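The following exercises are to be worked with the sequence and the three-dimensional model at hand. Each task is followed by a solution in steps.

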Amino acid sequence: MLAIPASAASPADVHGTPGAPGVGDSYYPDSGNGGYHVSHYDLRLKYQPKTDLLEGTATLLARTTQDLSRFNLDFGLKVSDIRVNGKKATFATSGKHELEVTPAAPLAKGKDISVVVRYAGKPSELKIDGFTAWARTPDGGVVAQEPDSAVWWFPSNDHPTDKATFDISVAVPDGTQALSNGVLASQSSKLGWTRYNWRSDKPQATYLTTLAIGKFDITTDTTADGLPVINAVSPDLGANLGSARASIERTTEVTEWLEGVFGPYPFNSVGGYVPNVPAHYALETQTRPFYGKQAFDKGTNVSVVVHELAHQWYGDSVSLKDWKDIWLNEGFASYSQWLWSEKEGEGTAQQLADYVYAQHPADDAFWTVKPGDPGADKQFDSAVYDRGALALQALRNKLGDKVFFDILKSWPAEHRYGNAAVGDFVKFAERKSGQPLAGFFDTWLYQPTKPAAGAGARAFAAQGLVAQPKSWKQIAATHDVHDGH
């Protein structure tokens, strides 16, 4: 006999209200949904490259955070059936990508629920604001975009504040491969189809979840600590093939170096992939960054690999609370490139800071972008990267190397797998350094003016003749790469 606690509400007692259609993000109010948190996604997919037909069954394990009469998922493909806790639910669509789900009976707050969604469609034909995040390739399809990509291929609570673990199982025609995040748990073939089962066992934001289907040359390795490294390159990259491979094959070395800067790597695998997608941009998809083919138009670029792998700590393990907190991702990933330059003897971080500071006179629009809250239209502006990194060099000068590098390591350790805002970092840096830093960060991150050369730190070189560090061209090429976000 199963004893039911007297406090447990029966469905008849629960009325509930609809969950909010968004989490209230400053830049993207429709992103995410209210009323529940997802802990795990199980995606069972089948994809036919010739027709771009994606068929899927998504199982979401979630917990309600309020009494719910109905709730939303973010999704754009055509849905045929939804079940909540095994019972058929009704559903409707609204807005640009809202799927409204009404369970057979209202759901009580604090209840574990399962949601199973069956769907099918051609992701490349789904346009939201005239755009699709799904890129078809000559032999398959790829999805990797920021800040939105999930709505084109699986239903989700699509905001970085609701991270979950993932099992992604994909069946593709024999001879075709399917890549995703984490480790390949198993692979099997049957009746002309091969199924790849990928597993990400640490919390992962929906936009950092990627899928690449096609024909790849795959190399595997392990880091000194035994971490699996999985790299994949499309063989049909033409003139960029050698540069792409030479760049991402440095992944093991870069990861080991970054562990020295940021502390232990936070996930179950690492790597990168370069599909035949005519894109300049790269993206820090968790454990397996995406690099567009054209990211290597100017040759080998290890600096972009450093940038995307640095995001595994800053952006992926510690994710933003709100998209206005983008500096916590991009400022640190950009600064890691400055540190790599310093290590490689191609210009110290101070020389790079001097160069950036001198390049932009006081009346340059560069200084009107506020890295701490740049606005949705300037979220990936070069100033977020360069001024964002400049702020960190100013902080290093103010606090000294010992305290500064302790902060770089202890921040991802203390906030591992969580979310944070810029204000949280300011308080953290104050606590670690024992210094009041609110005014300093206000100057470097929030004022739409050029900080004085000595603002809270050693003076930067004034505008004028400052030699361009050797690494600058590669670092600047990464900016072009990020213009595609």
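The model is predicted.

**Exercise 1. Backbone and contacts of Asp 129**

Task: Classify Asp 129 as buried or exposed, state what is notable about its phi, and identify the residue with which it forms a salt bridge.

Solution.
1. Asp 129 has a relative accessible area of 63%, and the cut-off for exposed is over 50%, so Asp 129 counts as exposed.
2. Its position is the loop between S8 and S9.
3. Although Asp 129 is not a glycine, its phi is positive, about 55 degrees.
4. The side chain of Asp 129 meets that of Lys 96 in a salt bridge, at 3.1 Å from N to O.
5. Lys 96 belongs to the loop between strand S6 (90–94) and strand S7 (98–102), while Asp 129 belongs to the loop between strand S8 (112–121) and strand S9 (134–137); the pair therefore ties together parts that are 33 residues apart in sequence.
6. Lys 96 is likewise assigned as exposed, at 52% relative accessible area.

**Exercise 2. A salt bridge and its surroundings**

Task: Determine how far apart the closest N and O atoms are in the salt bridge between Asp 81 and Lys 88, and decide whether Asp 81 is buried or exposed.

Solution.
1. The closest N and O atoms of Asp 81 and Lys 88 are 2.4 Å apart.
2. Asp 81 has a relative accessible area of 12%; buried means under 20%, so Asp 81 is buried.
3. Lys 88, at 52% relative accessibility, counts as exposed.
4. For context, a search of the whole structure yields 16 salt bridges.

**Exercise 3. A salt-bridge network**

Task: Starting from the salt bridge between Glu 253 and Arg 250, which residues are joined into one network?

Solution.
1. The side chains of Glu 253 and Arg 250 meet at 2.6 Å, N to O.
2. Glu 253 is partly exposed, with a relative accessible area of 33%, and Arg 250 is partly exposed at 25%.
3. Salt bridges with shared partners join Arg 250, Glu 253, Lys 343 and Glu 344 into one network.

**Exercise 4. Two enclosed helices**

Task: Compare the span of helix H4 with its expected value, then establish how many residues of H4 and of H5 are buried.

Solution.
1. Helix H4 (residues 327–344) contains 18 residues and reaches 25 Å from its first C-alpha to its last, close to the 26 Å expected at 1.5 Å a residue.
2. Of the 18 residues of H4, 15 are buried, so H4 is largely enclosed by the rest of the structure.
3. Gly 345 follows H4 and has a positive phi, near 70 degrees.
4. In helix H5 (residues 349–359), 9 of the 11 residues are buried, so H5 too is largely enclosed by the rest of the structure.
5. The buried residues of H5 include Leu 352, Asp 354, Tyr 355 and Tyr 357.

**Exercise 5. Backbone geometry in loops**

Task: State which peptide bond is cis, with omega near 5 degrees, and describe the setting of Asn 85.

Solution.
1. The cis peptide bond runs from Glu 146 to Pro 147.
2. Pro 147 is located in the loop between strand S10 (140–143) and strand S11 (164–173).
3. Asn 85 has a phi near 55 degrees, a positive value in a residue other than glycine.
4. Asn 85 occupies the loop between strand S4 (78–84) and strand S5 (87–88), and is partly exposed at 33% relative accessible area.

**Exercise 6. A charged surface patch**

Task: Which residues gather in a patch of negative charge on the surface?

Solution.
1. The patch consists of Asp 221, Asp 225, Glu 249 and Glu 256.
2. Glu 256 is part of helix H2 (residues 251–262).
3. Glu 256 is partly exposed, with a relative accessible area of 34%.

Terms used:
Residues are numbered from 1 along each chain as its sequence is written. This is a predicted model: local features need pLDDT of at least 70, side-chain atom pairs count only at pLDDT 80 or more; totals for chains, interfaces and linings use all residues. Side-chain values use heavy atoms; hydrogens and water are left out. Patches are made of residues with over 30% relative accessible area and no salt bridge: like charges are joined within 9 Å, nonpolar side chains (Val, Leu, Ile, Met, Phe, Trp, Tyr) within 5 Å. Accessible areas come from the Shrake-Rupley method with a 1.4 Å probe; for residues, only the protein chains shown count as cover. A salt bridge is a side-chain nitrogen of Lys or Arg within 4 Å of a carboxyl oxygen of Asp or Glu. Lys and Arg count as positive and Asp and Glu as negative; His and the chain ends are not counted. The place of a charge is taken as NZ of Lys, CZ of Arg, CG of Asp or CD of Glu. Helices (H or I, at least four residues) and strands (E, at least two) are DSSP runs, numbered from the N terminus. Buried means under 20% relative accessible area, exposed over 50%, partly exposed in between (1.4 Å probe, protein chains only). The expected span of a helix is 1.5 Å times one less than its number of residues.
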